[in-house]
Amino acid sequence: MFTIEHEFDATVITLVDEGEDGPLLEDIVINAFEDCVTVEQVDPRTDEVLRITLSTTQIRDLAAALNLPEGSYRLERKA
C-alpha cells in the first residue's frame, strides 16, 4: 500500500510494508522536492529517522537503471 500527498513544496509518497514474507519493515517516506528527493525510514533499533538525499540526476539514473541489464552506463542529456 502507498499514499501520495501534495504539499506546498513537495510531493510526499509513503510506502507501507504489507508483505506476508516475514517480518514487516518500517514505512518508507519519499519527499520529492524541486531540486532533490529524500528517502526516510525509522530505524526500529534506535527510533531515529535515517535519511538519504538524492539529486534529480541521481533519481533519473536510478529510474533508468531499473530497466537495464547489468553493466556500467552514463546517460547523456539532450541539448
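The following paragraphs describe the surface patches and salt bridges of a predicted model. Local features require pLDDT of at least 70 and side-chain atom pairs count only at pLDDT 80 or more, whereas totals for chains, interfaces and linings use all residues. Residues are numbered from 1 along each chain as its sequence is written, and side-chain values use heavy atoms, with hydrogens and water left out.

Leu-15 offers a point of entry. This residue lies in strand β2, residues 11-15; strands (E, at least two residues) are DSSP runs, numbered from the N terminus. Leu-15 is classed as partly exposed because its relative accessibility is 33%, where buried means under 20% relative accessible area, exposed over 50%, and partly exposed in between (1.4 Å probe, protein chains only). Beyond its neighbours within four places in sequence, Leu-15 touches Met-1, Phe-2, Asp-27, Ile-28 and Ile-30, a contact being heavy atoms within 4.5 Å. Of these partners, Asp-27 stands twelve residues from Leu-15 along the chain, with 5.6 Å between the two C-alpha atoms.

Both residues also belong to surface patches. Leu-15 joins Phe-2 and Ile-4 in a nonpolar patch of about 300 Å², whereas Asp-27 gathers with Glu-26, Asp-47 and Glu-48 in a patch of negative charge. Patches are made of residues with over 30% relative accessible area and no salt bridge; like charges are joined within 9 Å, and nonpolar side chains (Val, Leu, Ile, Met, Phe, Trp, Tyr) within 5 Å. Asp and Glu count as negative, Lys and Arg as positive, while His and the chain ends are not counted; the place of a charge is NZ of Lys, CZ of Arg, CG of Asp or CD of Glu. Accessible areas come from the Shrake-Rupley method with a 1.4 Å probe. Glu-48 of the negative patch is located in strand β5, residues 48-55.

Side chains of opposite charge can pair when their charged atoms come close. The whole structure holds three salt bridges, each a side-chain nitrogen of Lys or Arg within 4 Å of a carboxyl oxygen of Asp or Glu. One of them pairs Glu-40 with Arg-51, with 2.8 Å between the closest N and O atoms. This pair links distant parts of the chain, eleven residues apart: Glu-40 in strand β4 (residues 36-43) and Arg-51 in strand β5. Glu-40 is buried because its relative accessible area is 17%, whereas Arg-51, at 53%, counts as exposed.

Asp-43 and Arg-45 form another salt bridge, at 3.2 Å from N to O. Asp-43 is buried at 10% relative accessibility, while Arg-45 is exposed at 76%. In the bridge between Arg-60 and Asp-61, the closest N and O atoms are 3.0 Å apart. Arg-60 counts as partly exposed at 30%, and Asp-61 likewise at 32%.

Technical notes:
Helices (H or I, at least four residues) and strands (E, at least two) are DSSP runs, numbered from the N terminus.
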